Amino acid sequence: MGMRRFLVTAAALLSAGVAAVYGQQYKGGIIDKSIAVVGDEMIKISDLEEEVRIMMAQGFVSDRDARCEILENMMVSKLFLMQARLDSLTVNNDMVEGELRNRIDQFRTYFGGDEGVEKQFGKPIYKLRQEWREAFQDQSLTQQMQQNIMSDIPEVTPYDVEEYLKKTDPDDLPLVPVKYQLSQICIYPDREAANMAVKERLLAIRERIINGEKFSTLARIYSQDPGSAMKGGELGMASKSIFWPAFSDAAMALKPGVVSQIVETPDGFHIIEVLEKKGDMFNARHILLKPEYTIDDKEKAFHVLDSLKTEMANGAVSFEMAARFYSEDPATRTNGGQMADPNTGSSYYEIDQLKPQDYAAVKNLKEGEISEPVESLDNEGRDGNTVYKIIKVDRILPSHTASFEEDYSLLSDQVKQEASMKAVDDFIASKLKTTYIVIDPLFKYCEFDHEGWDDKFRED
């Protein structure tokens, strides 16, 4: 259902000494003035402080002075932006509008609506939307320019990888963790019966609310959403875009105080009461119940899986064939049960990429061995749905220093990444030599990442 995810505020970014460093006040802040000129692009104090507020709201954490880091990033972006305009690159408007929607939804949710955002940034929402759209347009050009520079490097060849290995100290080579290649046979519990049972429980709770019991009290007792249950089921004012579509559609259709019918999402089943609606934002209470399965479900599934293990041990059927005929997981059964990371598509899993239940089942197995039946989770919903499975260890790649034979793809990516970063650094270095740049001496204390800024400070 897409529960709210609050961002960590890096309060240290807005230090009490800002006004003292910059001097006089403007609009409750600082007198606006230019603090850097890069070619024909200007950066003002207000630009920097706006970026600080944005980064702060997004949980930005820096191990350097935050304003120094942000200012350097802004100046570097100007170098790319100037070149993008010289090269006549065009803005990716789909990206711009998508990023703009995400930012506004995020901030409206975090700060409690348009009024909270306007108070935080000291500007009306229409003005912020205009400014952020322009910023994202510049960002689109900047990113394209950087990608163009990085894509201009030659394709990595085996010779390049060999040369990289020769010149790199073995202690500095990537350490490849233990990886597992696995196959599975899955059996799901009787979802229909469990869904019917949970709906009946939810209908009974809904009836109690309609008959006068408090929604918030019953949410604290019964809701299986730990984040909101302790608050009486209340989610807080948030953009509808952060919830599952079925949930937000149902909430937006409700009148305040009316309890919804049962709403199903990948997280389970909900009843919803809307407290307040404002544009495409709402504050609602909900009670979430998830299907629960019986011991009988587990015993039946384990019996089938044990029987299949016996058949495989007797040579009557292969794991691959059994998976094709008996597994109920559509994502793996057509591949003979072979598992693949849904995020990367890779058939190899590092330990931290495995579900804890799956790792516990295979951690003591050797290649070719099959686990005992285990209760685990699939990839649906926020936490996954219950599934029973046996897992076969197809292959174990021990932890090792990356080698040409075993890890060519990884090393090739490493070589390409280093070459890309060097191309970007070379571009910045060349532009620092040829671009008119002036930086306010207020920032002379900064330790910038790139050399070449130090002789760009304006003399007092």
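**Stop 1: helices H4, H5 and H6**

Welcome! Begin by selecting helices H4 and H5, which are roughly perpendicular to each other. Before you go on, note that this is a predicted model, where local features need pLDDT of at least 70, side-chain atom pairs count only at pLDDT 80 or more, and totals for chains, interfaces and linings use all residues. Residues are numbered from 1 along each chain as its sequence is written, and side-chain values use heavy atoms, with hydrogens and water left out.

H4 covers residues 93-111, and H5 covers residues 114-121. Helices (H or I, at least four residues) and strands (E, at least two) are DSSP runs, numbered from the N terminus. The axes of H4 and H5 come within 7 Å and cross at roughly 95°. Axes here are lines fitted to C-alpha atoms, for helices over the stretch in contact, and angles run from 0 to 180 degrees between N-to-C directions. An angle of 65 to 115 degrees counts as roughly perpendicular, under 35 as roughly parallel, over 145 as roughly antiparallel, and the rest as oblique.

Now show the side chains where the two helices meet. On the H4 side, pick Phe107, Arg108 and Phe111; on the H5 side, pick Asp114, Gly116, Val117, Gln120 and Phe121. Contact means heavy atoms within 4.5 Å. By class, this meeting of H4 with H5 has four nonpolar, two polar and two charged residues. Ala, Val, Leu, Ile, Met, Phe, Trp, Tyr, Cys and Pro count as nonpolar, Asp, Glu, Lys and Arg as charged, and the others, Gly among them, as polar.

Keep H5 in view and add helix H6 (residues 125-151). Their axes come within 9 Å and cross at roughly 70°, which makes H5 roughly perpendicular to H6. The crossing of H5 and H6 is left-handed, a word used if the near helix is turned anticlockwise from the far one by less than a right angle, with right-handed used if clockwise. From H5, Asp114, Val117, Glu118 and Phe121 meet Ile125, Leu128 and Trp132 of H6. This contact of H5 with H6 has five nonpolar, no polar and two charged residues.

**Stop 2: the three-stranded sheet**

Next, select strands S1 (residues 34-38) and S2 (residues 41-44), then S13 (residues 437-439). They form an open sheet in the order S2-S1-S13, with antiparallel pairing; two strands pair if DSSP finds at least two bridges between them. S2 and S13 are at the edges with a single partner strand each, so one side of each has no neighbour in the sheet. From one strand to the next, the twist averages 20°.

How many bridges join S1 to S2? There are four. Look for Val38, whose bridge partner in S2 is Glu41. Two residues lie between the strands of this hairpin, where Gly39 takes a positive phi near 65°. S1 is joined to S13 by three bridges, and Val38 stands opposite Ile437 there.

Add helix H2 (residues 45-57), which lies across S1 and S2 and runs at about 65° to S2. Helix H3 also packs on the sheet, touching S1, S2 and S13, and its direction makes about 160° with that of S2.

**Stop 3: the disulfide**

Stay with H3 and show Cys68 and Cys446, which form a disulfide with sulfur atoms 2.0 Å apart. The structure holds one disulfide, meaning a pair of cysteine sulfur atoms within 2.5 Å. The link is left-handed, with -75° about the S-S bond. Cys68 belongs to H3 (residues 66-86) and Cys446 to the segment after S13, 378 residues apart, and the pair links distant parts of the chain.

**Stop 4: the four-stranded sheet**

Last, find the open sheet with the order S9-S4-S11-S10 and antiparallel pairing. S9 (348-350) and S10 (374-377) are the edge strands with a single partner strand each, so one side of each is left without a neighbour in the sheet. Ignoring direction, neighbouring strands are turned by 65° against each other on average.

S4 (residues 179-187) and S11 (residues 386-397) pair over nine bridges, and Ile185 stands opposite Ile390 in S11. Helix H12 (residues 295-313) packs on this sheet, touching S4, S10 and S11, with its direction at about 35° to that of S11. Helix H13 (residues 319-326) packs on the sheet too, touching S4 and S11, with its direction at about 40° to that of S4.
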